[in-house]
Structures are given as C-alpha cells and as structure tokens.
Amino acid sequence: MLCGISCKTGPNAVQRKTKMFWSHYLIIKILIIASRRRYVSLLDLKAMILNRVRIIYSQFFDGQTSAGNYHVAVETAPKVSTYLIIEFKTDYIFALPGPPVPNVTKFVQIINKSSDTQSQDFVKGIEALKLINARYQQLFSVALSCVKNVKNITRHQNHVITVTLNFTSKLWAVDLEDLASVFKEKNNIPTISEYSFCGNQYPAASFITKGKNRRQTVHICDRNKNYVSKEAMLYTLRETCFVGSVLTAWYIPERESGCSWQHARMKFQQRLIIAAILSTVAVFWLIFSFIDSGLGWQKGEQDLKISYRALSLSGINISSNIDSFNLQTCSALEEISPVSNITTLDIKAKSNYVVLSNGDYQLPTLKPGNEYGPKLEPLTVIIIPHSHNDPGWLRTLEEYYVTTTKNILNNMVDKLRLYPNMTFIWAETVFLSMWWNELEDDIKVQVRRLVRRGQLEIVLGGWVMPDEASTHYYSVIDQLMEGHQWLMENLHVKPKNSWSIDPFGHSGTMPYLWKISGLENMVIQRIHQANKGVLAKNKNLEFKWRQPWDPSGKWDINCHVMPYMLYSIKHTCGPNTYVCVMFDYRHIPSDFVRPLALPVTQSNIEAQSKHLYEQYRCKASLYKYNTILVPLGDDFRYDHHQEWDQQYLNYNQLIQYMNSKKEWNIHLKFGTIKDYFKLLKRNIKSKSKINSDFNLQTLTGDFFPYSDKENAYWTGYFTTRPFDKRMSREIEANLRAADILNTLVYMYSKKWQQPNKYYHEVSVNLQNARRTLGLFLHHDAITGTSKSFVVEELEQKLLSAYNATQRVIKLAIQVLLSKSKLSGPAIFKSEITRQNYQTLALKQMVSVFESGTKVVLFNPLPHRRSELVTFVVDSDNIEIRNSNNIKIMYQINPLWSSATVVMEGLFEVVFFTDLEPLELKTFTLYKIKEKTKNILPAKITVFGTEELAVAPSLKFMVERPRHSKNYKGSIVLENNYLRVELSSVKGTLKSIYDKKSGNLTKVDLEFMFYKARGSGAYLFQPNGKAEPLDEGDPVVHVVEGPLMSSVEVIYPFLHHTVRLYNNPSVQGKGIHIQNVLNMQMKSGVMKNMEMIMRLRTSVQNKDLNFLTDQNGYQLIERYTRDSLPIEANYYPNLYNGSLRRHQKAINITYWTASWYSWFKRRMVRGDVGSPTYI
C-alpha cells in the first residue's frame, strides 16, 4: 500500500498535476502463489520461488526525520504495490516484492511542522491519511478472519508483519489502477484541490471507501463539476468467506468542487436478482467441485486455485515424504505412453532431406491458378508488425538500446497513438525495463493504455527470449518470473502468448514451462525445414504440443509453426521471396540495402494487391483453418519514424483495396498474436462441429537438431564457448543457494526478533545476479554466437553476478550461525572462487590453525545427502571435529606441482558428512603436532614415467613408478558396488563390473577429434569421421585410499580424471569423470578441430536409440540415423544421457557443484584496512 502527499518542484508543476494525481492511489492486493510440477520434488520447486520474499510493511523513514529531508524521501519513494505474505504449513513463504509503506503517524508529525497546517483542505487531507491507515488495518483484520488455525502473527522491529496460516478461501483480485484508467480514458479527471506546501502544487491525499461484494456505482466530479458515473467490479470471492472490496477514491473539498461523494445504492429488486444468480452459480460450482477430483476437497481441505501465476497444487500432498518417490515410482512413470497423433520421431523418419538446387528443402505449395475460383473459402489474414531485438549479438545490450531499441519504443508510442488500427508486439522485457526508467509518467500512462486497448501486446514476457538447447529449466523459469513480475508491477499485464521465433531449435520442455506459467498459445519459427515439409503436407503446422508423460493432455498448449525459413518480411508473406521482398516498404536513405518495394499508388495498387493476394493464398494452403498469421518486421525494425509511416500507409491502402474485392473472399487487418489465436479457436470450433478431423492434432517430442538449408546443421552451438556455459551453471547453482539462504535469514530473523540489516543490500545483489543470468540465457549469449567483444562484456557481468551471489551466501551464513547477533563485516570466505572472468572457479586453500578453523557446509537441495567432501588444506597433520566435537576419520591425498612432483605444502582432505535438506553444518579443523589415528594416508602410483618425487616427510604410501615398457597390467579401482578397470598406458576406461547385478560392461574410452570443413559458432560441419587424438602416452597418477580412489591422466593440454568413492549413497554407485581442456594452449591447432570424448561399450543397442535430457527436466528418446550426416546425429545433452538395452545400461550424468563450503577468515590484529588472509 503506497499512500502519501507528493511535492513537485519546477515550472512544470501545474502541468504535471494530473500525472501526480494518478500516481498516488491505494492498491490492496492479496496474492498467493501455489506451485505444481510433475516428477520433481515439491520442495525443490518451492525453493525457486522463495527468492521473491520481501518486506511488505516497513517504515518510510529511519529514526527521527525532519521536514528538511522530507522532500528527498518522498521524491524517491517507489510507485509500486504491496502484497500480503502468506505462509503455508510447510513454513515456506510465497510472496512477490512490495514497497516500503509510509508511516502515516510520522507523516502527520512531519507535515504538522509546515506553515500551511491550518487550512481546511490540509486538515481534511490529514484526516484522509488517518482513514487510510485505519482502513488498511481493517482489511488486514478482515483477511485474518478468512483463515482458520492462524499459527502465528509476528511484527518485526522494522515493521515486517507476517502471518502464518492455513488458507481456506479462494481469492480473486483486480488491480485498481485499471479502475483509475477508466476515468482517464474518458477525460473525466476529478477536480483536484490545489494548495501550497514547500512552495509547490500537489494533489490532495487519497482515502478509501469500503464496498460490498457486488458492483458499485460511484459518483465522481469531473472538471466541469458534474457527476461521472462508472461501474467498477471489484473483488470477487468464490467462497463464502468475504475478504472485502476496496475502491480508490480521491478527497475533493466541497467548497472548491461543489460536489461530494455519493454511493448510488442498488434497488432491492436488483440486489435480489443478483443474489439469486450468484447463489445458483455457487450451488453448481460446489456440485462440480465434488465431482471433479481436480476441484474437490481431499482429506477435508480445499485445493488452492489462484489466477495469477497459477501453478496449482491439486492432487499433491504437500506434507508427503520425499523419500516415497523411489525407483519403483520412476519405473512406473517410464511406462507411461504418450497419447498423441504425431511424434517428432515419426516426423523425422518421414522427412525428405534432399535439398533443391538452390539449397532449400522442399515445401508443398498451392498449384498456380488455384488462388482463384468461385468456391474459394473465406480467408482472414492477421498482419502483425513486430521488431526482433537481440539484447546482445553484433553489439552489446547497451549499444543496441542507445542506437536502435530506444528509438523503436519511442516511435511505437507516437505511431500507435497516431494510427489507432495499427498494432505491435514486443517480447524482450530487459529492453522495456531500461526504457521505462527513462520515461515520464504521462508516457507510461500512454503505454499502459496501448496495452489495455490491445494495440500493443507483450508476448512471452521473459527477461529475454531464451535459447532452448543449452539452458536449464530452473534458470528459464527464473528469468520468466523476473520478466513477468516486472510486467505486472509496471504495465499491469501478464502475457498469454509466447513468441519464440529466433532460438535455433525448440525443446519439448518449454511448452510445459510456458503452460504452467499462464501462457496459452505459442508461435515458433526455427525448426528443421524438412520437418516443416511433413507438417505442412498434412496441414499440421498448428497443433497441441503435449508432454510424453501427460496422456490426458492437461498441459497441452496451442502451437503455431511459421512455415518458411525466416521471420523477415521476405519470408513471411508467402513462398516466393522475390515477391514478398516487394512488400517491404521501408525506405531509409542511410540504409545500405536498396529497397525494392514501390510505394502504393492508384496506378499500381491493383497489381500489387494481386501479387500479395496470391502469396497469402499459397501460405493459407498449408493450414486448415482459413486464418493465417503474417509477421511484418525483422531484426531491429521500426527504428526510424519514417518506417512506421511507410509500412502503415502502404499496407493500409492494400488492406482496404483487397477487402473490397468480394471475388477474392479475403479479409485483412492489423492484429496481435492474441487476435490471431482468438480467431483461430473460433474457426476450429466451428469446423470441428462439422468434421472432427478439424480438431487440432497433438504432438509430442522436440525439434532438434535445426537446419534451415543446404544440409547445414546448427549443432555447433551446443558446445560453443563451453567456459561461459559452465560459468552460467555455477551462477545458477549459487543463485539458488543464495535465494534459499536469504529466505531462511528472513524467517529466522523474525523468529529471533532481530533486524535484518543486510536486507536491502542482499535484495539488490540477488536482483542483479538474477537479471544477469537471465540476460545470459538469451539465444545469442549462452549459445556463444555473439561477437567476441560482446561475449567478453557478458563474461564480466557474469563474474559480477557470481561474486554477488557469493556475497549473499557469506552474509546469510553469518547471520544464521550468529542468530543475527554478529553485526561486523563478513568473516566467512568462499572455498571456491573465480579470480577473474577468464579463469575457472578454483578451490581455495583453507589455512588450518592450532586454535581451529571453522568450515561450514550447506546443502541447498531438498533431500538428505550423505557424501564425501574434499578441501585443500595447508597441513597433513590435522584433526577434524564435527559440531558435536566428535573426531572424524579423513583421507589425505596429494596435490601435484608437476606431472611427477608431489607438493609439500598443500594437500587434499576427504571426509564423510551427512546433511539434511537445507542444513548448515559446521566442522572445525585443528592443526596438531602429535600423531593422530584418524588420518588415512593415500597410496600413490604413477604410470608412463620413471620419475616420481615425494618428500620423505609426507605420510603417503608410495609405490615405484611403472612405465608401460615394463608393466602390461591394468589399473583397478574398486568399492563395494563397482570394479573399474583402466588402461595403464592411457589411463582410460576398459570395463565396469556391477557387483550387485553381476553385469560386466566393456568400455573403450577415447579422446578423438573431427577435422572441420566449415564449422563455426552456429554450425558443426566435420570433414569425415572422427580421428583418435595422438599426443603420445600421458603420465597417469593413481591415488588409492579407503574413502576414495582416483586416476588422473596428464596431457600437456588435457587433464582427464576418474574418481570412485567408497560411499554407500548414490555418490558411490557411479564413476565420476572430469575433463579440463586448455583450449588456449591448443588454440592454433584447435581452430580446425572439434574435440570429443567417445565411449564404445558392449551394450547391444541394435536400434541405435538412446536418451538425452531436455533442459535438465526430462528425458527424450533419440535415434542415430546413418542416412544423415554426422552433425545431424548430435543433440543437446545438459545433465543426463543413457544408452541401454534391457538390464544393461550406461548412464551419463553431468553434475555442477552443489555443495557450498565456507571457511572463516582471520584478520591480522590492528589491521583496519583490507583484511589479510593468513
């Protein structure tokens, strides 16, 4: 809730009166966000939403505030809404950010010091402010009356109010600014009392009138002091519990306006009729609620169904034990067969991959002459002006904004107001946020009005238009929430349609993510042109995209595939690009490309209309429903105001002329994605009544790999710039941990009744990190397809985000462990850090002292973990104690200064730990002088060399070096579950024996490379088959111990490590492989090399099928097609892959760091500058 009096300075104060007036109104919102996601733990999903927790009720001023600094405080006050935080039984908070709320009493104290406190207007204004405060408290109380079993109400020292409760009602809410906009659109702006304060003009204060659960008629005075009557539907509650409706009203002194507030009451008969209708609806709703299990009550409790960001929890037991989701459950889920008409596997099998002489894949098209005739079906064409703006590609984000995007958005407002029947769509929220910060309030009002009128549609609405091959679902959801939240707070709109026209292929996970986020329809462009040919042949370019595990189709989403190669005007009007380019009317003298289109005149309008009509008919022949979508735009178009005029005026003439041609039976109009799907659904409904074949077909699968022409496969970007992809994964993991820890700090601070002094700093750090990670998900960033200088700037931003998350984690751990009592500087240091944006994250040395060094481990996952952890320490004679002061056994491993020399001053410590979900656990490392029985020294062996240097003082057991010339045996690593055999010459895998099942799998691990014939950032184009990497015999380190054993293969530019843990948890049931490739060392050679690690196994996989993951969320089946080139058989694989046949299987899982360890740093006594680490 934001209420108050605003001071404006300068000569434009009177002109801004209206703008100021509408800037201060009261908004009461109650939002509850539930969540649902199949096959992923509920707690894990909750953790993603925890980062939205914010303070909702805080003082506007800190300490004693005088009238002198009152102006600054008010001018910088944010104009956003407030939300009520609701806690579920699980004690997890779900909320969206809200603003600081002014303290009304303190406002009164401050304002009373002014010289104008005796005027009648001012006194009434103060009374209005008091009403605001009282009304807010009343609403708060009413809201509490709608819940049962209220567990806790806490008022924090900084005025944080949080209620822990069990919710029983279903709430619908509306944004009251929409009500304000109704009056503004009709120019019925109420008269505003003007009086002086600080020598400036400002509006009278706002106050609240309470309403009933019904429509209200409110009388407001307009400029002519006449009553204006507008109906406003306020809060609607679908249950018996009434929360209360609120209406924003404005105080108008009677002596100046000549009128006062009145509420025209409904007649008794009207109220009786409405009550009867509502009662009937309620009865039917209750009946269907019990019939439909999705809407009914389970175990006496109601399912919560929310209209905003509705991720419903129906059918999921919140308090269920996560351990119940076992392997048997997973096996049962694997048996679910997709119920769909089309699978992408079938499409790929039926596709014709032969290209035409011009390099294009063949698409069906209408035979010449069939565009005319007496039996033509009516055709509707929706022309959609758009501009695709990449936030970083050939230029940086900031360069694009300043030179191009800012002009596009400014022109958009001017031209859409000038041409009321013109429309426009926009997708990238990151640009909107940059532009919005520079706008005057009156322009913001105009933008919101364009959105409400439907001239401007925000599509997709994520922070960026993300890549769909290299991104993890968690980060995709996070950037989508960031974008949607910004749109809700600033434009008061939530997108309903996705527009994803430039990612290089499309994942099957994204439709599900879009659906659960509230999107209803989607448009895609870049899928294999041969696959488009199969869909177009059967007129299935529009379908319902279904998940393979969703046989009922509950999460289906309508999808439209654009048929031609690109989204530019040249490729969107029809199949003939030479004709379509004639209808791009942009003519800017500074452009390098000479325009081919001629302006429409009376002499050429018939010929131009005929050509365009024929292209539209050809395009319509690929679809079933006599409605086509025609984008009108390209990359960074409409940056000059002349183009808006050129495109609109010419197309408007064509539209009018073509609509007048009755024999063509065609209707054209400007529209948006929303308009298109609205008309499409209407046509589907009417046609399916006649013939059920006209229902949309259902499709499962994904669209990878992508090829646009000439058998050029866009599979190179799967591995382009792997360093940056890895860095983004680390930030993603850090951000998730930081969000969870920040939420824990918030919850425990209120429990301890301690102030959260780092709240604002942490909020800024988290938002910056979240937006930077979201920016990097863009389809030209994480893919590595931007210019080098653009990538370098992104890397610097990623490093800042990485450090920001580290800072949040440090502060959170400090607060939690000290129970908010430690107010000094951060005393914890991250165990893994990045020195700069061009180096890998490395483990830092933990200095161990006799007095003890604290090490803290945090488990950010929502399940229990029992694992072996490692640290780098500076002593091999230490003692480790847990939080119960119990000594822990540990293994000490060597670190190497070169291929054959063991370091004396640094060691790797390995010990076992057991952490509960979201648990922080402290260990203490002590340096000791006497011998300890808890140390387990490792045994060292080297192969491929006759040199090995180990200092006599070190505790390791050392075996003599074994050269391949005198040793022909194998290296064996073994634990209670696996026996792994490796080559003593190359150090690579030879076989894996599963002791439990008795399966022996032969494995031949090789490092190989493809010679490139034209590969680049986008494309993978090998010149023949892969060849073995011949770099001679490497040096092989073998380290064996009771807790873990490892083999490290040392090439000059490649380190290959295999680890086997002796651990009864899942960690000990797999082989851990890590490859570190120094691409700079091989940069001269690797420009024409594509490095791979190949696993040849004894798994009999005659069908050549395998599984890869989709965005880390689910698995999808793939097939190797020998008839296609090598590059066509590469797929994105982020976290999990599987090659299996019956009981034998090879599963490959890719892990990012998910342990977070921190250790205490010491500051040299007397040092008041930068801390020194010792």
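Is Asp584 buried or exposed? With a relative accessible area of 17%, Asp584 is buried, the term standing for under 20% relative accessible area, whereas exposed stands for over 50% and partly exposed for the range in between (1.4 Å probe, protein chains only). The model is predicted, so local features need pLDDT of at least 70 and side-chain atom pairs count only at pLDDT 80 or more, while totals for chains, interfaces and linings use all residues. Residues are numbered from 1 along each chain as its sequence is written, and side-chain values use heavy atoms, with hydrogens and water left out.

Asp584 serves as an entry point to the charged pairs. Its side chain meets that of Arg637 in a salt bridge of 2.6 Å, N to O; a salt bridge is a side-chain nitrogen of Lys or Arg within 4 Å of a carboxyl oxygen of Asp or Glu. Asp584 belongs to the loop between α17 (577-580) and α18 (605-620), and Arg637 to the loop between β20 (627-635) and α19 (641-660), so the salt bridge ties together parts that are 53 residues apart in sequence. Helices (H or I, at least four residues) and strands (E, at least two) are DSSP runs, numbered from the N terminus. Arg637 also counts as buried, at 9% relative accessibility.

A second pair involves the same two loops: Asp639 forms a salt bridge with Arg586, the closest N and O atoms being 3.0 Å apart. Here Asp639 lies in the loop between β20 and α19 and Arg586 in the loop between α17 and α18, 53 residues apart. Both are buried, Asp639 at 14% relative accessibility and Arg586 at 13%. A network of salt bridges links Asp584, Arg586, Asp591, Arg637, Asp639 and Glu643. Side chains of opposite charge can pair when their charged atoms come close.

The nonpolar interior can be taken next. A nonpolar core is a set of buried Ala, Val, Leu, Ile, Met, Phe, Trp, Tyr and Cys residues joined through side-chain atoms within 4.5 Å. The largest such core has 153 residues, and those with the most contacts inside it are Leu456, Trp499, Trp514, Tyr616 and Tyr651. Helix α23 (residues 788-818) gives the most to this core, with 12 residues. Apart from it lies another core, of 26 residues, including Ile878, Ile892, Leu925 and Val942. Tyr651 touches Ile383, Ile569, Phe583, Tyr585, Leu612, Tyr616, Leu632 and Phe670, residues up to four places away in sequence not being counted; contact means heavy atoms within 4.5 Å.

An open sheet of 6 strands has the order β12-β22-β18-β19-β17-β16, with mixed pairing. Because β12 (342-343) and β16 (497-500) stand at the edges, each with a single partner strand, one side of each is left without a neighbour in the sheet. Two strands pair if DSSP finds at least two bridges between them. Strands β17 (residues 521-524) and β19 (residues 557-561) run parallel and are joined by 4 bridges, with Ile524 standing opposite Val561 in β19.

Further along the chain, strand β28 (residues 865-873) is joined to strand β32 (residues 902-915) by 9 bridges, and the two run antiparallel. Val873 has Phe907 in β32 as its bridge partner. Strand β31 (residues 890-896) also pairs with β32 in the antiparallel sense, over 6 bridges, and these two strands form a hairpin with 5 residues between them. Within this region, Asn893 stands opposite Glu908 in β32.

The loop between β28 and β29 (878-881) holds Asp876, which is buried at a relative accessible area of 11%. Leaving aside neighbours within four places in sequence, Asp876 is in contact with Tyr890, Ile892, Phe907, Ile935, Ser953, Leu954 and Lys955. Glu916 forms a salt bridge with Arg864, the closest N and O atoms being 3.0 Å apart. This pair links the loop between β32 and β33 (920-927), where Glu916 lies, to the loop between β27 (853-858) and β28, where Arg864 lies, 52 residues apart. Glu916 is partly exposed at 39% relative accessibility, and Arg864 is partly exposed with a relative accessible area of 46%.
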